[in-house]
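Colleague: I should like to understand how the descriptive terms for this model are justified. May we take them one at a time?

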Amino acid sequence: MEHNTEDRSMNKAAFWPAIVILTLFIIAGIAWREPVGNFMTKLLYGMADYFGWYINLLSLIFLILAVVFIIGRYGDIVIGGADAKPAFSMPSWCAMSICSGIGTGLLFWAMGEPIYHFMTTPTAVAEAGSRPAAIFAVAQAMWDWSFIQYCMYAICGAAFAVLCVNRKKSLSFNSIVECATGRRRPWLNTLITAMVIFCIMGATSNSMGVGLMQIGAGLEAAFGIPQNPVVWLFAALFVGAVFITSCVTGISKGLKLISTTCMCFFFFLMAYVLLLGNTQFIGKIGSEAVGYIVDHFGQMTTTTNVLTTNDTWFADWIVQYWSSFIVYAPVIGMFLARMGRGRTVRTFMLVQILVPSIFCMIWIAIFGGQVIYLQTSGTFDVWNAVNTSGMQATVFQIIGTLPLSKLITILFLCCIVMSFSTLADPMASCVATLSCRKLDAEAEPPKFQKILSGVLLCGTAYTLVATGGINSVKGMFTLVGLLQSIVLIMCAIVLFRFGKKCYQEHFEGSGDWGLVEEPVDVEE
């Protein structure tokens, strides 16, 4: 296939300034941990107070937009044209869809988030430690990790798929900006690309840093190896080798293999905890949590601290979650678009939304339900462990309450490595893609740029963990979600605008679902 839009040379004006600014910010966070940390915390709460309502409403709107597009006629559009064949089987596609968006967060917070919500319940919802608080805790965790983020990912993914596969534009944010605004704006293209690279490198490095601390805690729990910078260094080298190798080999090889293997581990762990944990309690609280979501999903998406100004729960949780998903959404969407060829947009969006959402809800119902059972039955004081040992260590103490805990701890560690690799692989690939001036939707970015992105991710993550700077910079990447929301809105505009074009051209007989070369100047 001839790639008319391909230019694999590095866009140095976007890539290197983003890396330099990220490096300077991390150095500041390391050198002045406490002042920077305090400043970022105040900035976070200030943003939540003034703009939290906007982030919440935007998240709810994207949920509604996804439903509208799925049930509307534009969902009939075939990505790549009527003759396009799917590149992946449905099981492989589902596995990659689940794994490419969760990283290590779900493994960690499926047990951590419910206990926090249960013991520090929002003032307006219920009394902490009560039965309603327990149901709310599991339900809110399930909602935080399901439909909102995947609706954002699906809309961005469908936008890139329609624009870059059907309309033959380059796989870049230049295409989104030009087609959303109607004209070329080189300075804005460079600025947005640099901002996205900065955000994704920082957010993924932060996520990897948390993963390294989890691995350290797991090695200590399983083998008695004390946590220290040397352990984190070897963990970073190992994880980096895994995901960089996967990234270099491409989607159809490395990521497909790791995702499939990771899903086997996931299903085994879910079955193990469900059968050897308190199955009855898990089933009861999980079903009630689903009912709670059905009744309250709007409120769970848009809660603020109105009339409870001293309650920072909404800023600590949902505003941070929605903002971080906004940061990731355009980039994950860019990656997911490459897996949609041969499917209708409706099928693409249903798979990207329903499959990972349902999986995450089941996972949290099982692990979160077991944590609430341990706390309420007196079997293990999870909340005390969190406050004395930290959440990283507590996760493995929770696993220790089950039979064959050593074996399960080792399997859990393997899941952490593979799960993070399935997030870091597409993120490194997307950063490499963004660093190219123009790249066709079917083309892989240069291997050198993939390796460079992966090495920078590993080095940044290790530096944050080893120096203790991770807590002082983590809030920054949530705040940038406010700016990134502009790109998110542009993706929605592009999807509806060019979805309409493709649909009209197909039924007017002038195109195969709009499979045409888009003119350079799209202003009409």
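**Terms and their grounds**

Colleague: What makes the span of helix α8 agree with its number of residues?

Modeller: The expected span is 1.5 Å times one less than the number of residues. For the 38 residues of α8 (residues 186-223) this gives 56 Å, and the end C-alpha atoms are 54 Å apart, which agrees. Helices here are DSSP runs of H or I with at least four residues, numbered from the N terminus. The model is predicted: local features need pLDDT of at least 70 and side-chain atom pairs count only at pLDDT 80 or more, whereas totals for chains, interfaces and linings use all residues. Residues are numbered from 1 along each chain as its sequence is written, and side-chain values use heavy atoms, with hydrogens and water left out.

Colleague: Why is α8 called largely enclosed by the rest of the structure?

Modeller: Buried means under 20% relative accessible area, exposed over 50%, and partly exposed in between, with a 1.4 Å probe and protein chains only. In α8, 29 of the 38 residues are buried, so the helix is largely enclosed. Just after α8, G224 takes a positive phi of about 75°.

Colleague: Why does S259 count as buried?

Modeller: Its relative accessibility is 0%, so S259 counts as buried. S259 lies in helix α10 (residues 251-276). Leaving aside neighbours within four places in sequence, S259 is in contact (heavy atoms within 4.5 Å) with A95, M96, C99 and T422.

Colleague: How are K168 and L404 classed, buried, partly exposed or exposed?

Modeller: K168 has a relative accessible area of 24%, and is therefore partly exposed. L404, at 59% relative accessibility, counts as exposed. K168 is in the loop between α6 and α7, and L404 is in the loop between α16 and α17. Phi of K168 is near 65°, and that of L404 is about 55°; neither residue is a glycine.

Colleague: Why are α4 and α14 called oblique to each other?

Modeller: Angles under 35 degrees count as roughly parallel, over 145 as roughly antiparallel, 65 to 115 as roughly perpendicular and the rest as oblique. The axes, lines fitted to C-alpha atoms over the stretch in contact, form angles from 0 to 180 degrees between N-to-C directions. Those of α4 (residues 105-119) and α14 (residues 345-377) cross at roughly 50°, so the two helices are oblique.

Colleague: What makes α4 and α15 roughly perpendicular?

Modeller: They pack at an angle of about 105°, and are therefore roughly perpendicular to each other. I115, Y116 and M119 in α4 meet V382, W383 and V386 in α15.
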